Amino acid sequence: MLKDPPILALALGQTLVWAGLYYVFPALVLHWEVTLGFTKPQLSFVIATALICSACAAPVAGRVIDKGYGSLLMSVAAITAGLLLILLSQVTVLWQFYLIWACMGVAMSGCLYEACFAVITRSRGANARDPIIWVTLWAGLASTLSFPSAYALTNQFGWQVTVAVFGLVVILLAAPLLAWGSARLEQEKAPDLRATNTPIDRKVPRTKAFWYLAVALGLVALVQSAVIQHVLPIFHSFQITPRDAVIAASFIGPMQVAGRVALMWAGPHVALSKVATGAILALVIALLSFPVAKGTALPLFVLLFGSAYGTISVIRPLIARHVLGQQSFGAKSGALAIPYLIGFAVAPFIGALIWEQVGYPGMLLIMAVLAALAGLFFARAFTEAASDA
């Protein structure tokens, strides 16, 4: 990847925006609960609001990328999100918290994975798999960067300084990297992709394959987000110390990287459908491990959940291109982002409601069932795509 500077720039930029914009929420949620007096359901609905706003803005972001303005979009979105993070440090009441995170959700639609993958796929077409994996190999370390940094900064200076520092990092480092990397990719776009990238298909075909894939992605997002946003409380509920919980959460990132390395090695030899099946199976086993083995399952959970999470985030755009085709991929990616981001959005709130009724062991069992259902819908999407070919 060192010989591919625009991909390296995007990889570093994505690592920083994910660490600063997404993982900052689960890293600081316990501090907000204690210092601001917000309840767990209230906080869960805040991140839900942000992700719903991101879902609503995703199709627009996709069409902007289709028109060749990916660099401008990603830089403006990252700068805006960073400024909002700095503004977050001044929040004192709940409605301000909601408003800032809602605006941040719109900004995230233009600078996180969905936008980045659309830019790469627009430029590289069928050769987008390896660049996407490289980007996610680096970005998989975002949680490893975010959790310990937030823990150390907050203990030393408080959460307000922490979010302000994260905001400055996004503005001063992430935004320029994303702008330069996406601009170079647009300049280097292969001539044979110009026709397929012309946004002439403004309506994304809603085939059976599309709907199966949409449901599968929505379920996977719900499961992953519910666990990630509650990961520290989940560990705490199984009598894992705060220090060990932060260390374990930090290792989810490297396990994401491990899953992506395995995908890069196996990619040319294993069909996408089999990769998806393996990732879903690992996710189900991880979710069942805590209710069955309690705290002793911590290493197994981190290994399987992290690697499954990392693999699924890579194969999402690859499956979308395989099932729906290259034509106007930005618009198609944006359309598929709606159920995925809505799943991410409602998951923390749903997770909190389930926790209130059956506790975290029950929540993990329910999420395991939903993950298994996602696997069935993925299989149906591949079957329908094959029959339409």
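A cavity here is a set of grid points where a 1.4 Å probe fits but cannot get out. The model is predicted, and the tour starts inside it.

**Stop 1: the cavities.** The structure holds 6 cavities of 30 Å³ or more. Go to the largest cavity, with a volume of about 250 Å³. Select Trp 18, Leu 112, Tyr 113, Tyr 340 and Leu 341: of the 21 residues lining this cavity, these are the closest to its centre.

Now colour the helices around the largest cavity. At least two lining residues come from each of α1 (5–22), α3 (40–66), α6 (113–124), α13 (242–266), α15 (298–324) and α16 (329–388). Colouring the lining by class gives 13 nonpolar, 5 polar and 3 charged residues.

**Stop 2: the surface.** Keep α15 on display, since the next selection also involves this helix. Select Leu 281, Ile 285, Leu 300 and Leu 303, which form a nonpolar patch on the surface. Together they have about 350 Å² of accessible area. Both α14 (272–293) and α15 supply at least two residues of the patch.

Within this patch, pick Leu 303, found in helix α15. Is Leu 303 buried or partly exposed? Leu 303 counts as partly exposed because its relative accessibility is 41%, between the limits of 20% and 50%.

**Stop 3: a buried valine.** Move to helix α11 (residues 208–229) and select Val 220. Val 220 has 0% relative accessibility and therefore counts as buried. Add Leu 370 to the selection: 150 residues separate Val 220 and Leu 370 along the chain, and their C-alpha atoms are separated by 7.7 Å.

Conventions. Residues numbered from 1 in each chain as written. Predicted model: local features only at pLDDT ≥ 70, side-chain atom pairs only at ≥ 80, totals over all residues. Heavy atoms only, no water. 1 Å grid on protein atoms, 1.4 Å probe; cavity = no way out; pocket = protein on both sides within 12 Å on 5 of 7 lines; lining within 4 Å. Points joined across faces, edges and corners; volume = space filled by probe spheres on them. Helix = DSSP H or I, 4+ residues; strand = E, 2+ residues; numbered from the N terminus. Nonpolar A, V, L, I, M, F, W, Y, C, P; charged D, E, K, R; others polar. Patch = residues over 30% accessible without salt bridge, like charges linked within 9 Å, V, L, I, M, F, W, Y side chains within 5 Å. Areas by Shrake-Rupley, 256 points an atom, 1.4 Å probe, with all protein chains shown as cover. Salt bridge = Lys/Arg side-chain N within 4 Å of Asp/Glu carboxyl O. Buried < 20%, exposed > 50% of the residue type's maximum accessible area, 1.4 Å probe, protein only.
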